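Reader: Hey, I've just opened this one and don't know my way around yet. Could you walk me through it?

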Amino acid sequence: PMRLIATLLLLTLGLNAQTITIAPAPVDRAALVTEFVLPEDAARPTRATKADGTSLPVQLDDSGKACIVVGFLRAGESLTLSLSKADGAVVESVRLRPGADGMVLSAAGAEVLNFRTDKTKKPRADIKDEILRAGYLHPVRSPSGAIVTGDYPSDHAHHHGIWTPFTKAVFQGRTTDFWNMHSKKGEEQLRAIGRTWAGEVHGGFDAELRMTDLSGPAPTDALIDRWSVRAYAVPGAPKPMHVFDLTTTQTCATNDPLELPQYHYGSFGLRGPEAWDGKDGARFLTSEGIADRNKGEGTRARWCYLGGKTSAGLSGTAVLGFPDNFRFPMPLRLHPDMPYFSIVPQKLGAFSIQPGKPYVTRYRFIVTDGEPDAKLFDACWNSLAHPAVVSVAK
């Protein structure tokens, strides 16, 4: 018995002393999502404490993978954190709850985004039934609560917050269009909600959408568009910001490919509020320092910002492309007078989605109030290009 007690004591001391170290990178990094796998015999930590005594929440999934979000880490600096289990119940900082028009994701008590699940609710009487849609993000909110997306705008009622249908496409020899639903050639709709979760570090949901061809003798699903949305709590960030990821995994719904000819918009859209309409109504900024939307049209960028006047003065969203996305840096369509942009791989030439070969795209969204902060957006993008390299030690 004494030997067993001594062994248990040594194990406990070892687990309590467990640390992780995040290796340095040559660039500043912000909103650094840090994931690592703990040894099977390790304790289940809930806190990670810095040398100065401040701590960050730790979230573990069922497989034993842990996640911590570091608000900011300077170039050349490493960070060592001591892992421990805090007393008391874990507080779910990032939550998912039912909303008026769908599901609301919130972080630290503030609403981050809504996922629209009910297509039957018309915002205006003039909306035609064929463009009613579900399966997109709106409203997206800034840290102050300002709304930074638009939905069913009067000039282009088929625009919806953040949405991902293809425009010009060829399926089974027919030209179809899942974006311009008023053309009645195709549509994209929500089919099912999958896994949902909440936690102290992140929460989110999975959903299945379908792009359906309507140009043939009968409606036929051409593409399955699986969404995974994950919002984060970001303690210690350089400024208040909402951070969330969208991963789309698109696969053929039949044995036929989806051919995507060269085209100038489609595949990803971000639409701002109608109050930002007009040539001077919206603010744009790309990672290449281009603020003139006409000069930015057709360029490529690591990230692109869209903002405008809100109750907070100025608010907006930076969309960051992951470096492993197809045809990265992002080919951009910046509209000349609408508060809207598209990320369009088809701008660079035709491609196709083939059966059995999933087409995966990942974006991170940084929503802020105030003037667009290029240094902050760069630091957030650096976290994608230089992901955390973690060593675990006892």
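Author: Sure, here is a short tour, from the whole chain down to single residues.
Author: This is a predicted model, where local features need pLDDT of at least 70 and side-chain atom pairs count only at pLDDT 80 or more, while totals for chains, interfaces and linings use all residues. Residues are numbered from 1 along each chain as its sequence is written, and side-chain values use heavy atoms, with hydrogens and water left out.

Reader: Okay, how many helices and strands are there in the protein chain?
Author: The protein chain has 3 helices and 29 strands. Helices (H or I, at least four residues) and strands (E, at least two) are DSSP runs, numbered from the N terminus.

Reader: And what radius of gyration does the protein chain have?
Author: 22 Å, which agrees with a compact globule, because a globule of 394 residues would have a value near 21 Å. That radius is taken over C-alpha atoms, and the globule rule is 2.2 Å times the number of residues to the power 0.38. Along the principal axes, the C-alpha atoms fill a box of roughly 80 × 45 × 40 Å.

Reader: How much of the protein chain counts as buried?
Author: 52% of the 394 residues. Buried means under 20% relative accessible area, exposed means over 50%, and partly exposed is in between (1.4 Å probe, protein chains only). The accessible surface comes to about 16,600 Å², and 53% of that belongs to carbon and sulfur atoms. Those areas come from the Shrake-Rupley method with a 1.4 Å probe, and for residues only the protein chains shown count as cover.

Reader: What about contacts between residues at least 6 apart in sequence?
Author: Of those contacts, 68% join residues at least 24 apart. A contact here means heavy atoms within 4.5 Å.

Reader: Switching topic: which strand should I click on to see something buried?
Author: Try β25, residues 330–334. 5 of its 5 residues are buried, so β25 is largely enclosed by the rest of the structure. Met330, Leu332 and Leu334 are buried on one side, and Pro331 and Arg333 are buried on the other.

Reader: Which strands does β25 pair with?
Author: β25 pairs with β22 (residues 300–301) in the antiparallel sense over 2 bridges, and Arg300 stands opposite Pro331 there. β25 also runs antiparallel to β26 (residues 340–343), with 3 bridges joining them. In that pairing, Arg333 stands opposite Ser342. Two strands count as paired if DSSP finds at least two bridges between them.

Reader: And what joins β25 to β26?
Author: A hairpin, through 5 residues.

Reader: Got it. What comes in the loop between β24 and β25?
Author: Arg327 is placed in that loop, and its phi is near 55°, a positive value in a residue other than glycine. Arg327 is partly exposed, with a relative accessible area of 22%. Pro329 lies in the loop between β24 (315–321) and β25 too. A cis peptide bond joins Phe328 and Pro329, with omega about 0°.

Reader: Where else can I find a cis peptide bond?
Author: Look at His138 and Pro139, which are joined by one with omega about -5°. Pro139 is found in strand β11, residues 136–140.

Reader: What's the phi of Ala108?
Author: About 50°, so to speak a positive phi although Ala108 is not a glycine. Ala108 is placed in the loop between β9 (102–107) and β10 (110–116), and at 67% relative accessibility it counts as exposed.

Reader: Is Lys128 buried or exposed?
Author: Exposed, at 54% relative accessibility. Lys128 is in the loop between β10 and β11. From Lys128 to Ala146 there are 18 residues in sequence and 28 Å in space, C-alpha to C-alpha.

Reader: Last thing, which strands form the open sheet with β6?
Author: The order is β2-β6-β5, with antiparallel pairing. β2 (29–37) and β5 (59–60) are the edge strands, each pairing on one side only. β2 and β6 (residues 65–73) pair over 8 bridges, and the bridge partner of Thr34 in β6 is Ile68.

Reader: And how many bridges join β15 to β16?
Author: 9 bridges join β15 (residues 186–197) to β16 (residues 202–213), and the two run antiparallel. Gln189 has Arg210 as its bridge partner in β16, and a hairpin of 4 residues joins the two strands.
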